[in-house]
Amino acid sequence: MKSLRFISAEAFVSNAEFARKSLGGVAHNLFPLLFKASYLLEQGEVIHDLVKNWPLADFNIGKLLGTTVDYQEDLSHRTCSVCLESCLAGLRDYVLNHSSPYMKRLKVVDLTGIKDVEVQFCECKKRMGRWTRTQLLSKLCLELLVYLQQTQCNPGTSEISIDVLIDLYVTERNYELVVQALLKKCYCPLKICCVAFRSDNLALQKFFYIIKLTDPSSLRKLEIVHNVRLEMEHLEILFNSIHFPLLMSLTLPARTFNVRRFTDADEGILTNIGEKMGEMTQLTELSISFSILTGRIRKLLSPLKTPLKMLDVSNCSLNHADMAYLANSFHANHLEALDLSGHNIHDLYPSTFFKLLSHSSSVLRSLTLEDCNIQDTHLNMLILSLSPCQKLQEFKFIGNPLSSQALKQLFIFLCELPMLKTVEFPVPRDCYPTSITYPIDDASLCRFDQRKYESVAEELNLILLQANREDVKASTPLFGSYDAAVEETNNELGAYLIKSFKETLEKFTTSLQMS
């Protein structure tokens with residue numbers, strides 16, 4: 001619902017030429033309203049001029065585009081390239097604007113509120129993801145610095161200092177540019193302040209160098225993923241040499257830990273890492289998927305002084321002792337998001353799994369149980385475990401060998417969870433050839449009866465419809481949920497994987513020739 005004020009703002013900015021000429025006479029408190037209206041209508045030129053002449057002390061894009069009194073719709077998920085490019089260009093020109101320095105009140109620009117989503121609703125249909133925002137801001141800061149050094153500027157320009165809060169995403173391709181922007185931060189009026197840092201496809205040496213430039217003492221979120229070859233001994237060096245006092249969220253790459261090749265010295269390293277994580281008193285989110293941690297979860301998590309709200313231990317080869325620790329730990333009562341994918345929960349530890357969910361049920365909002373070998377015979381136990389989870393909003397369980405009939409029974413139950421919004425369900429077992437084995441390999445994932453699946457999916461949606469649960473979105477993402485960061489850089493990551501494969505083949509060929 002749009003207020004009369006918002007409708008008037010839309011009418012004002014819809015004529016870009018008129019709006020730009022008239023901004024000098026607009027009251028300062030109307031700039032946020034005009035910004036959201038311009039963003040909705042993708043009026044890039046107006047957005048540029050609004051930011052260029054921003055009269056307020058802060059510019060928080062998440063709040064500006066979020067739910068407001070005049071227009072309730074949240075636009076922060078629109079990563080519209082036209083709008084964001086205009087916004088950043090306007091920020092550059094704010095510094096260069098020759099208006100009196102006494103009029104320049106802007107001190108903080110917060111770009112962290114932008115949400116990257118799969119479907120874009122903007123007309124241009126061109127999204128600007130996190131990697132591109134990192135690239136563009138770094139380039140803009142360096143170009144601004146060069147321009148200021150080469151041009152006779154207003155003396156007041158040198159007094160401008162604006163903190164630009166951003167979630168950085170660095171790979172090999174934009175590494176040098178970001179490093180230069182961070183190195184010269186103290187000389188530039190626009191000062192990049194890294195709130196969250198994601199690194200992929202980057203050599204360890206480069207990662208260690210750039211992470212120090214980000215000011216780790218202010219970092220809230222650290223994601224080291226996929227093609228950063230960080231192992232346990234490297235992680236210990238990182239934690240011993242750099243402190244992360246404000247870190248709230250930590251994601252580590254696959255095989256950071258692998259207890260199958262542990263020595264006595266490695267046990268000490270794991271203990272030290274746990275103690276270092278215990279010093280991170282703000283840490284509430286931890287993702288360590290695809291590490292082999294059999295029998296070591298207690299050693300890693302027990303030193304933590306703050307209970308975890310999000311825990312991803314998917315495909316970590318947990319045993320009964322690990323699950324018993326999780327179920328009885330102080331983390332259990334605070335877990336809002338839990339991923340136990342890749343564990344045969346109902347055969348290996350049904351009672352401790354039930355206990356874990358019962359302890360976390362009052363706060364649990366997201367549960368992922370992909371490839372857990374949940375079969376029709378486990379259905380009653382699964383429903384019993386999920387029953388207390390009345391705040392569950394998201395349930396993902398693709399990759400489990402459940403029949404069409406079992407899925408229908410489960411959906412009837414899921415309709416009773418009042419806050420549920422998202423369900424990711426598997427292709428029914430009876431849609432695949434009888435020869436198929438679980439977990440299904442990638443080559444066989446699409447070898448199912450498409451017509452039969454569509455018929456079952458229609459029945460499942462009908463169950464939701466008949467229960468007046470049209471608010472629940474049910475889908476089957478065969479190759480996993482959408483990851484905006486991976487989607488944006490998949491060409492670079494794909495090229496890296498091909499290069500790594502080629503190098504491995506060359507080494508193998510050389511070793512054969514030598515033998």
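## Report on a predicted protein chain

Pro439 is placed in the loop between S12 and H18, and the peptide bond that leads into it from Tyr438 is cis, with omega near -5 degrees. This and every other value below refers to a predicted model, and the report moves from backbone details to the chain as a whole and then to selected residues.

**Backbone details in loops**

Two further loop residues deserve a note for their backbone angles. Arg255, which is not a glycine, nevertheless has a positive phi of about 65 degrees; Arg255 sits in the loop between strand S6 (249-251) and H11, where a relative accessible area of 40% makes it partly exposed. Phe290, likewise not a glycine, has a positive phi of about 65 degrees, and its place is the loop between S7 and helix H12 (297-301). With 40% relative accessibility, Phe290 counts as partly exposed.

**The chain as a whole**

The protein chain contains 20 helices and 13 strands, and its C-alpha trace spans about 75 × 65 × 50 Å along the principal axes. A compact globule of 515 residues would have a radius of gyration near 24 Å, and the 26 Å found for the protein chain agrees with that expectation. Of the 515 residues, 52% count as buried. Among the contacts that join residues at least 6 apart in sequence, 81% link residues at least 24 apart.

At the surface, the protein chain exposes about 24,100 Å², of which carbon and sulfur atoms supply 54%. As for charge, the chain carries 53 positive and 59 negative charges, and the mean positions of these two sets are 4 Å apart.

**The nonpolar core and Phe35**

The largest nonpolar core has 157 residues, and within it Phe35 and Phe395 touch the most other members. When neighbours within four places in sequence are left aside, Phe35 is in contact with Ile47, Leu50, Val51, Trp54, Phe59, Ile61, Leu64, Leu65 and Cys87.

Val51 also appears among the contacts of Gly90, which, again leaving aside neighbours within four places in sequence, is in contact with His48, Val51 and Lys52. Gly90 lies in helix H6 (residues 81-96) and counts as buried because its relative accessibility is 0%, which is under the 20% cut-off. The C-alpha atom of Gly90 is separated by 9.6 Å from that of Val46, although the two residues are 44 residues apart along the chain.

**Helix H17 and its cover**

Helix H17 (residues 404-414) is mostly covered, with 8 of its 11 residues buried. The buried residues of H17 are Ser404, Ala406, Leu407, Lys408, Leu410, Phe411, Phe413 and Leu414. What covers them includes helix H16 (379-386), strand S11 (394-396), strand S12 (422-424), helix H18 (450-466) and strand S13 (473-475).

One residue of the covering helices can be followed in detail. Leu460 lies in helix H18 and is buried, with a relative accessible area of 1%. Beyond its neighbours within four places in sequence, Leu460 is in contact with Leu407, Lys408, Phe411 and Phe425, and Leu407, Lys408 and Phe411 are among the buried residues of H17. In an α-helix there are 3.6 residues a turn, so residues three or four places apart point the same way. Leu460 and Ser404 are 56 residues apart in sequence, and their C-alpha atoms are 9.2 Å apart in space.

**Thr284 and Ser241**

Thr284 is found in the loop between helix H11 (264-278) and strand S7 (285-287), and although it is a loop residue, Thr284 counts as buried at 13% relative accessibility. Leaving aside its neighbours within four places in sequence, Thr284 is in contact with Met248, Thr306, Pro307, Leu308, Lys309 and Met310.

Ser241, by contrast, is found in helix H10 (residues 232-241) and is partly exposed, with a relative accessible area of 43%. The C-alpha atoms of Ser241 and Arg173, which are 68 residues apart in sequence, are 26 Å apart in space.

The table gathers the C-alpha separations for the three residue pairs discussed above.

| Residue pair | Separation in sequence | C-alpha to C-alpha distance |
|---|---|---|
| Gly90 and Val46 | 44 residues | 9.6 Å |
| Leu460 and Ser404 | 56 residues | 9.2 Å |
| Ser241 and Arg173 | 68 residues | 26 Å |

Notes. Residues numbered from 1 in each chain as written. Predicted model: local features only at pLDDT ≥ 70, side-chain atom pairs only at ≥ 80, totals over all residues. Heavy atoms only, no water. Helix = DSSP H or I, 4+ residues; strand = E, 2+ residues; numbered from the N terminus. Rg over C-alpha atoms; globule rule 2.2 N^0.38 Å. Buried < 20%, exposed > 50% of the residue type's maximum accessible area, 1.4 Å probe, protein only. Contact = heavy atoms within 4.5 Å. Areas by Shrake-Rupley, 256 points an atom, 1.4 Å probe, with all protein chains shown as cover. Lys, Arg positive; Asp, Glu negative; His and termini not counted. Charge placed at Lys NZ, Arg CZ, Asp CG, Glu CD. Core = buried A, V, L, I, M, F, W, Y, C linked by side-chain atoms within 4.5 Å.
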